[in-house]
Amino acid sequence: MAGGRNNTIVIRFILLGFSDYPKLKIVLFAVFLGSYFLTVAWNLGLIILIRMDSYLHTPMYFLLSNLSFLDLCYVTSTTPKMLSDFFQKPKYISFLGCTMQYFFSSLGLTECCLLAAMAYDRYAAICNALLYTAIMSPSLCVQMMVGAYITGLFGSLIQLCALLQLSFCGPNVINHFFCDLPQLLVLSCSQTFFLKVMKFVIAVIFGVISVFVIMISYSYIVATILKISSGEGKSKAFNTCTSHLIAVIVFFQSGLFVCMNPSTDNSLGHDKMASVFYTVVIPMLNPLIYSLRNKEIKDALKRYKKRAFSHCHS
């Protein structure tokens with residue numbers, strides 16, 4: 001099945017992964033294993049800290065804990081398989097496993113919605129500070145979160161259903177470390193134009209709507225910050241948005257790069273690096289972005305260390 005197209009039905013694929021860098025295999029394995037453990041530890045630690053500390057039971061941290069959960073799902077859908085493939089020849093993955101891997105890796109649609117919801121949360125906190133708790137009620141937070149998951153999963157499910165209609169009867173070698181849709185479309189012996197258009201339209205709809213909500217929210221935020229008379233007040237208000245802005249820029253820039261650079265034989269190396277960035281690096285960076293300059297997270301960590309210390313000596 002790895003040769004030219006024929007009438008054989010493909011039931012599994014071969015992932016080449018990073019086999020074109022044989023001398024770097026051990027180094028790449030160590031780097032990806034370390035980044036995976038750090039991603040799981042940091043995101044899981046952030047979720048547990050938010051759950052345990054009552055001072056962090058606010059809308060912003062409720063949304064942040066869900067972002068960490070998404071990142072955990074995101075990285076776990078691809079990285080463990082990629083790590084195991086470093087020492088396997090050939091690197092097989094079943095057709096069902098391939099489609100499921102693509103489905104979970106497309107959780108980026110849900111993250112688009114979540115980042116937009118977090119922008120609205122920052123708008124409510126800065127522009128309507130006195131009404132913040134009334135606007136961002138627990139019921140609204142749950143509704144926003146459920147809505148993000150449902151719309152994101154619906155967008156992924158539509159593409160998955162269309163993908164399952166394709167026939168694969170020729171080459172079964174994927175020059176990637178996970179089952180990304182562009183590589184699967186290249187291997188299909190069915191007409192893929194409809195699915196390509198669908199993928200582009202869904203990406204544009206989710207991306208444009210999310211960016212529009214984020215831009216509108218931040219235009220009001222900037223206008224409100226400029227009205228604050230004291231420099232300290234402006235700095236404090238802006239610092240509450242910095243982490244979210246960095247996360248938005250990193251996420252949408254990587255997504256834009258992937259969408260605007262269609263896969264070709266000459267761009268496969270760039271595709272892999274871009275995929276590593278949004279499936280491995282971003283989930284690892286997000287908890288750091290939201291924690292390093294966050295005084296409330298640092299205070300929560302100090303309280304946790306103090307409680308742990310007192311328990312050890314009681």
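This report describes helices, salt bridges, surface patches and some distances in a predicted model.

## Helices H2 and H5

Helix H2 covers residues 59–76. Its 18 residues should span 26 Å at 1.5 Å a residue, and the C-alpha atoms at its ends are 26 Å apart, so the expected and actual spans agree. H2 is mostly covered, with 14 of its 18 residues buried. Ser 65 belongs to this helix. The relative accessibility of Ser 65 is 13%, so this residue counts as buried, the cut-off for buried being under 20%.

Helix H5 is made of residues 108–127. For its 20 residues, 1.5 Å a residue gives an expected span of 28 Å, and the end C-alpha atoms are indeed 28 Å apart. Because 17 of the 20 residues of H5 are buried, the helix is largely enclosed by the rest of the structure.

## Helix H7

Helix H7 runs over residues 138–164 and has 27 residues. From the first C-alpha to the last, H7 reaches 38 Å, close to the 39 Å expected at 1.5 Å a residue.

Several residues of H7 are buried, including Cys 141, Met 144, Met 145, Ala 148 and Tyr 149. Also among them are Gly 152, Gly 155, Ser 156 and Gln 159, as well as Leu 160, Ala 162 and Leu 163.

## Salt bridges

The whole structure holds four salt bridges. One of these joins Asp 53 and Arg 303, with 3.0 Å between the closest N and O atoms. Asp 53 sits in the loop between helix H1 (25–52) and helix H2 (59–76), while Arg 303 is in helix H12, so the pair ties together parts that are 250 residues apart in sequence. Asp 53 has a relative accessible area of 2% and is buried. Arg 303, at 26%, is partly exposed.

A salt bridge also links the side chains of Lys 81 and Asp 85, at 3.2 Å from N to O. Both residues belong to helix H3 (residues 79–85), where they are four residues apart, about one turn of the helix. Asp 85 counts as buried, at 4% relative accessibility. The side chains of Asp 121 and Arg 122 form another salt bridge, with an N to O distance of 2.9 Å. Asp 121 is buried at 1% relative accessibility, and Arg 122 is buried with a relative accessible area of 8%.

## Surface patches

A patch of positive charge on the surface gathers Arg 293, Lys 298, Lys 302 and Lys 305. Of the residues in this patch, Lys 305 lies in helix H12, which covers residues 295–312. Lys 305 has a relative accessibility of 59% and so counts as exposed, the cut-off for exposed being over 50%. Arg 303, the partner of Asp 53 in a salt bridge, is also in H12.

A nonpolar patch of about 710 Å² is also found on the surface. Its residues are Phe 193, Val 197, Phe 200, Val 201, Val 204, Ile 205, Val 208 and Ile 209. Val 208 is in helix H9, residues 193–227. With 52% relative accessibility, Val 208 counts as exposed.

## Distances between residues

Val 248 is placed in helix H10 (residues 231–260) and is buried, with a relative accessible area of 9%. In sequence, Val 248 and Thr 110 are 138 residues apart; in space, their C-alpha atoms are 13 Å apart.

Ser 65 of helix H2 and Phe 193 of the nonpolar patch are 128 residues apart in sequence, and 38 Å separates their C-alpha atoms. Ala 129 is in the loop between H5 and helix H6 (132–135). This alanine is exposed, with a relative accessible area of 51%. Along the chain, Ala 129 and Phe 103 are 26 residues apart, and the distance between their C-alpha atoms is 39 Å.

How values were computed
Residues numbered from 1 in each chain as written. Predicted model: local features only at pLDDT ≥ 70, side-chain atom pairs only at ≥ 80, totals over all residues. Heavy atoms only, no water. Patch = residues over 30% accessible without salt bridge, like charges linked within 9 Å, V, L, I, M, F, W, Y side chains within 5 Å. Areas by Shrake-Rupley, 256 points an atom, 1.4 Å probe, with all protein chains shown as cover. Lys, Arg positive; Asp, Glu negative; His and termini not counted. Charge placed at Lys NZ, Arg CZ, Asp CG, Glu CD. Helix = DSSP H or I, 4+ residues; strand = E, 2+ residues; numbered from the N terminus. Buried < 20%, exposed > 50% of the residue type's maximum accessible area, 1.4 Å probe, protein only. Expected span 1.5 Å × (residues − 1).
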